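I opened my notebook to look through a structure step by step. Here is what I looked up, in the order I went.

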Amino acid sequence: MQFVRTYGALYLVAFGLAVAASAMTLARTPPQPLLELLIWLMTASTLALWVRSDARGRDCTPCFEFDSFIFFTWWLSLPGYLVFTRGWNGVLVVMTAFLLFLATTAAFLVGAIVLTLLAQA
């Protein structure tokens, strides 16, 4: 239950984004710039909220505006935060989180490639 409480939101957002990418592929609609922006915003905000919740749960008081820093630089600051708070066990968490969002991005890109190939055929 602790795992779901800790990482549930991350998995839920990744799953939702993968479903959206798959639905676009099935509907044969090209990727929209607004949807790409929404995916980036959902990813960044989910990770920033998770880091804030995790820091509170660990009785760690991050610096002022740490949430904004995570929001804008999550691809750099999230691994540093996880390694700092968990030691080298944080590397496993970092790899899991990046694989989740890479899988979502890959599903989105594969959908775009399939739509392009279908349009050319």
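**Entry 1: a word I need first.** I call a residue buried when its relative accessible area is under 20%, and exposed when that area is over 50%. I also note that this is a predicted model.

**Entry 2: the overall layout.** I looked up the helices and strands, and the protein chain has five helices and zero strands. Read along the sequence, the pattern is α-α-α-α-α. I then checked burial for the whole chain: 32% of its 121 residues count as buried.

**Entry 3: helix H2.** I went to H2, which covers residues 33-57. H2 has 25 residues and spans 36 Å from its first C-alpha to its last, close to the 36 Å expected at 1.5 Å a residue. Which residues of H2 are buried? I found Leu35, Ile39, Thr43, Ala44, Thr46, Leu47, Ala48, Trp50, Val51, Asp54 and Ala55. Just after H2, I noticed that Asp59 takes a positive phi of about 55°.

**Entry 4: a charged pair.** Side chains of opposite charge can pair when their charged atoms come close. I looked for salt bridges and the count came to one. Its partners are the side chains of Asp54 and Arg86, at 2.8 Å from N to O. Asp54 lies in helix H2 and Arg86 in helix H4, so this pair ties together parts that are 32 residues apart in sequence. Are these two partners buried or exposed? Asp54 has 10% relative accessibility, so Asp54 counts as buried. Arg86 has 16%, so Arg86 counts as buried too.

**Entry 5: aromatic rings.** A pair of aromatic rings is described by the distance of the centres and the angle of the planes. I found three aromatic pairs in the structure. One of them joins Phe66 and Tyr81: this pair is tilted, with 6.0 Å centre to centre and 50° between the planes. Phe66 lies in helix H3 (residues 66-72) and Tyr81 in helix H4 (residues 74-86), so the pair ties together parts that are 15 residues apart in sequence. Phe66 counts as buried at 13% relative accessibility, and Tyr81 counts as buried at 6%.

Next I looked at Phe71 and Phe72, which form an edge-to-face pair: 4.9 Å centre to centre, with 90° between the planes. Here the two partners are worth noting one by one. Phe71 is buried, at 18% relative accessibility, whereas Phe72 is exposed, at 52%. I also saw that ring pairs link Phe66, Phe69 and Tyr81 into a cluster.

**Entry 6: helix H5 and its neighbour.** Two packed helices are described by the angle between their axes and the distance between the axes. I tried this on H4 and H5 (residues 89-120): their axes come within 7 Å and cross at roughly 150°. How do H4 and H5 run, roughly parallel or roughly antiparallel? Angles over 145 degrees count as roughly antiparallel, and H4 and H5 are therefore roughly antiparallel to each other. H4 passes H5 in a right-handed crossing.

I finished with H5 on its own. H5 has 32 residues and reaches 47 Å from its first C-alpha to its last, close to the 46 Å expected at 1.5 Å a residue. The buried residues in H5 are Gly90, Val93, Val94, Ala97, Leu100, Phe101, Thr104, Phe108, Gly111 and Leu115.

Key
Residues numbered from 1 in each chain as written. Predicted model: local features only at pLDDT ≥ 70, side-chain atom pairs only at ≥ 80, totals over all residues. Heavy atoms only, no water. Phe/Tyr/Trp six-rings, centres within 6.5 Å; stacked < 30°, edge-to-face > 60°. Helix = DSSP H or I, 4+ residues; strand = E, 2+ residues; numbered from the N terminus. Buried < 20%, exposed > 50% of the residue type's maximum accessible area, 1.4 Å probe, protein only. Salt bridge = Lys/Arg side-chain N within 4 Å of Asp/Glu carboxyl O. Expected span 1.5 Å × (residues − 1). Axes fitted to C-alpha atoms, helices over the stretch in contact; angles between N-to-C directions. Parallel < 35°, antiparallel > 145°, perpendicular 65-115°, else oblique. Left-handed = near helix turned anticlockwise from the far one by under 90°.
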